[in-house]
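Good morning, and thank you for making time for this presentation. I shall speak about helix packing and then about internal space.

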Amino acid sequence: MNFINRIKSIIYYKVFQPAYNNTIGFRKKVYAVKNKYKIEKNRNNIVILGTPNHGNLGDYAINVAERELFADIFPDWNIFEVDLTDFPKEIHALGKILSRRDILVLTGGGNLGNQYMDDENVRRETIRLFPKNRIYIFPQTCYFTKDTGGNEEKKKTEDIYNKHRYLFIMARDRQSFEEMKAMFRAPVRLMPDVVLTMKTDIGKERKGAVILLRNDIERKYTEEQEKKIESILKKYYTDIERTDTEISSSEFLKNKDGCLKDKLTQIGKAEVVVTDRLHGMVFAAITGTPCIVLDNYNHKVRETYRWISHLPYISYLTNLSLLEETVKDLRMQKECYYENGEISGLYQNLMQEIKNG
């Protein structure tokens with residue numbers, strides 16, 4: 001089966017794609033893409049690929065943080081992004097337009113693996129199509145399922161990534177870091193989730209508790225356990241609000257920045273947040289909001305917590321039986337200040353290295 005797929009791939013890239021690239025339709029596509037992203041002959045480009053067009057506000061916050069970092073260090077470069085929807089329609093045209101000096105950035109997140117194949121395929125295709133460009137994979141959690149499908153996709157990812165000479169990979173947790181080092185020939189660096197470079201000023205008025213728990217493929221807690229969490233919080237807080245960092249795509253696409261701001265405000269106005277989402281925890285951290293972090297089904301929340309474990313207002317639990325005691329402890333926290341000097345320093349060093357080539 002792998003041999004057949006390899007033959008199909010060769011036919012596509014050696015026969016079909018070159019033939020299409022010579023058509024009038026493709027030349028029109030190249031012209032349209034060039035105008036859309038304001039690509040000019042004598043100006044360098046930074047392209048952030050695979051940015052979200054869905055309602056995951058954690059992924060969008062990653063996108064915002066990445067853009068801010070590059071805009072600060074590369075003020076004269078043309079910086080643009082290609083989202084998940086536009087990627088398959090535009091990537092081949094970009095292959096004709098971009099030069100070797102342009103920098104490609106594959107957006108960070110928690111999707112390097114076989115659970116979110118749309119994201120993984122963006123990385124694979126970019127690495128295939130731009131063999132001479134510097135490509136940076138921003139901090140990712142690496143997780144392949146321990147089954148036949150996971151093993152097959154892991155092998156494909158290894159084969160594709162390891163053919164690129166100018167690939168640089170970042171892991172956002174130690175477990176992913178060790179796995180990536182074993183998988184890839186490219187340099188791998190341990191870096192925190194990029195959203196931790198952000199700071200917000202929500203204000204000091206706080207009221208009630210926010211429950212922010214997953215309800216998707218990564219869900220761990222049962223309805224009964226969630227009811228137990230809510231009953232404990234009701235002992236100490238009058239207002240209990242349920243929310244998530246995942247919203248509808250239609251709502252997100254209408255006002256991306258507004259949706260992110262509203263979510264940060266909702267979390268920043270709470271007296272306490274209980275969450276099993278990585279970016280529920282991160283949003284609480286950057287808004288200075290007391291937070292109880294519950295263990296998730298894989299390692300990514302636990303490992304990301306290591307970067308902020310010094311914050312006294314963020315508590316990580318592996319056992320729900322400790323929830324009420326932890327609520328009492330956090331109610332004693334009066335001053336919650338987000339200190340990210342070390343994390344910002346790591347990113348400033350990284351950006352200078354990227355700038356220096």
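**Helix packing and internal space**

Helix 3 and helix 10 cross in a left-handed manner, meaning that the near helix is turned anticlockwise from the far one by less than a right angle, a clockwise turn being right-handed. This is a predicted model, in which local features need pLDDT of at least 70 and side-chain atom pairs count only at pLDDT 80 or more, while totals for chains, interfaces and linings use all residues. Residues are numbered from 1 along each chain as its sequence is written, and side-chain values use heavy atoms, with hydrogens and water left out.

Helices (H or I, at least four residues) and strands (E, at least two) are DSSP runs, numbered from the N terminus. Helix 3 covers residues 57–73 and helix 10 residues 256–268; their axes lie 10 Å apart, at an angle of about 110 degrees. Axes here are lines fitted to C-alpha atoms, for helices over the stretch in contact, and angles run from 0 to 180 degrees between N-to-C directions. Helix 3 is therefore roughly perpendicular to helix 10, the class for 65 to 115 degrees; under 35 counts as roughly parallel, over 145 as roughly antiparallel, and the rest as oblique.

The contact (heavy atoms within 4.5 Å) involves L57, Y60, A61 and V64 from helix 3, and K256, D257, C259, L260 and K263 from helix 10. By class, it has six nonpolar, no polar and three charged residues. Ala, Val, Leu, Ile, Met, Phe, Trp, Tyr, Cys and Pro count as nonpolar, Asp, Glu, Lys and Arg as charged, and the others, Gly among them, as polar.

I turn to a second pair. The axes of helix 5 (residues 117–129) and helix 6 (residues 148–161) come within 9 Å and cross at roughly 25 degrees, which means that helix 5 is roughly parallel to helix 6. This crossing, too, is left-handed. Its contact residues include R123 and I127 of helix 5 and T157 and I160 of helix 6; the full set divides into four nonpolar, one polar and six charged.

Finally, the cavities. On a 1 Å grid over the protein atoms alone, a cavity is a set of points where a 1.4 Å probe fits but cannot get out; lining residues have an atom within 4 Å of a point. There are three cavities of 30 Å³ or more, and the largest holds about 70 Å³. Eleven residues line this largest cavity, with G110, N111, Q115, Y116 and Y143 the closest to its centre. Strand 4 gives the most to that lining, four residues.

Key:
1 Å grid on protein atoms, 1.4 Å probe; cavity = no way out; pocket = protein on both sides within 12 Å on 5 of 7 lines; lining within 4 Å. Points joined across faces, edges and corners; volume = space filled by probe spheres on them.
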